[in-house]
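Visitor: I would like a close look at a single part of this model, followed outward to whatever surrounds that part. Please take your time over it.

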Amino acid sequence: MDKTAYQSIDQYIESQDLDKHVRLQEIRKIMKQLIPEAVEVISYHMPAFKWKGKIVAYFGAFKEHISLFPHAGCIEAFQDQSKQYVMSKGTIQFPMTQPLPKELIRDIIQYRVHEMELQINMKKAK
């Protein structure tokens, strides 16, 4: 499937290798549990959750890993807890050879939502 053709997260997941399906669904489930009012979207050819008009996080499957793209501030805040993973400014990679760190993902998403709430409240206060 052409990566520009994804119409839904289901379609994205179905197009990936079978070994990636469970991990992608786990991340999706965590995000749905934490922010049930968020909207599932495809953005930049990847699954993402949008809340209050802004992207909370993207996630996607790659050859050797699943990546979470929360926001640079989240990556920075969780550097110590994430030392065993490859990270860059805005992403963290979870290798297919290791269990998916669901608690870490949950903590990162909760942090991101809190960060977004603070930004919204600061804008309201101005």
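Guide: Four bridges join strand E3 to strand E4 (residues 65-69), and the two run antiparallel, so let us make E3 the part to examine, bearing in mind that this is a predicted model. Strand E3 covers residues 54-61, and because seven of its eight residues are buried, meaning under 20% relative accessible area, the strand is largely enclosed by the rest of the structure. On the E4 side, Phe59 has Leu68 as its bridge partner, and the connection between E3 and E4 is a hairpin of three residues. Strand E2 (residues 46-51) is likewise joined to E3 by four bridges in an antiparallel arrangement, with Trp51 standing opposite Lys54. E2 and E3 also form a hairpin, here with two residues between them, and Lys52 in that turn has a positive phi of about 50°.

Looking further out, E3 belongs to an open sheet of six strands with antiparallel pairing, in the order E1-E2-E3-E4-E6-E5. Strands E1 (39-43) and E5 (86-87) stand at the edges with a single partner strand each, so one side of each is left without a neighbour in the sheet. E5 pairs with strand E6 (residues 92-95) over two antiparallel bridges, in which Val86 is partnered by Gln93 of E6. Helix H2 (residues 18-34) packs on this sheet and touches E1, E2, E3, E4 and E6, its direction making about 165° with that of E3. Helix H4 (residues 102-125) packs on the sheet as well, touching E2, E3, E4 and E6, and its direction makes about 155° with that of E3.

Notes
Residues numbered from 1 in each chain as written. Predicted model: local features only at pLDDT ≥ 70, side-chain atom pairs only at ≥ 80, totals over all residues. Heavy atoms only, no water. Buried < 20%, exposed > 50% of the residue type's maximum accessible area, 1.4 Å probe, protein only. Pairing = 2+ DSSP bridges. Contact = heavy atoms within 4.5 Å. Axes fitted to C-alpha atoms, helices over the stretch in contact; angles between N-to-C directions.
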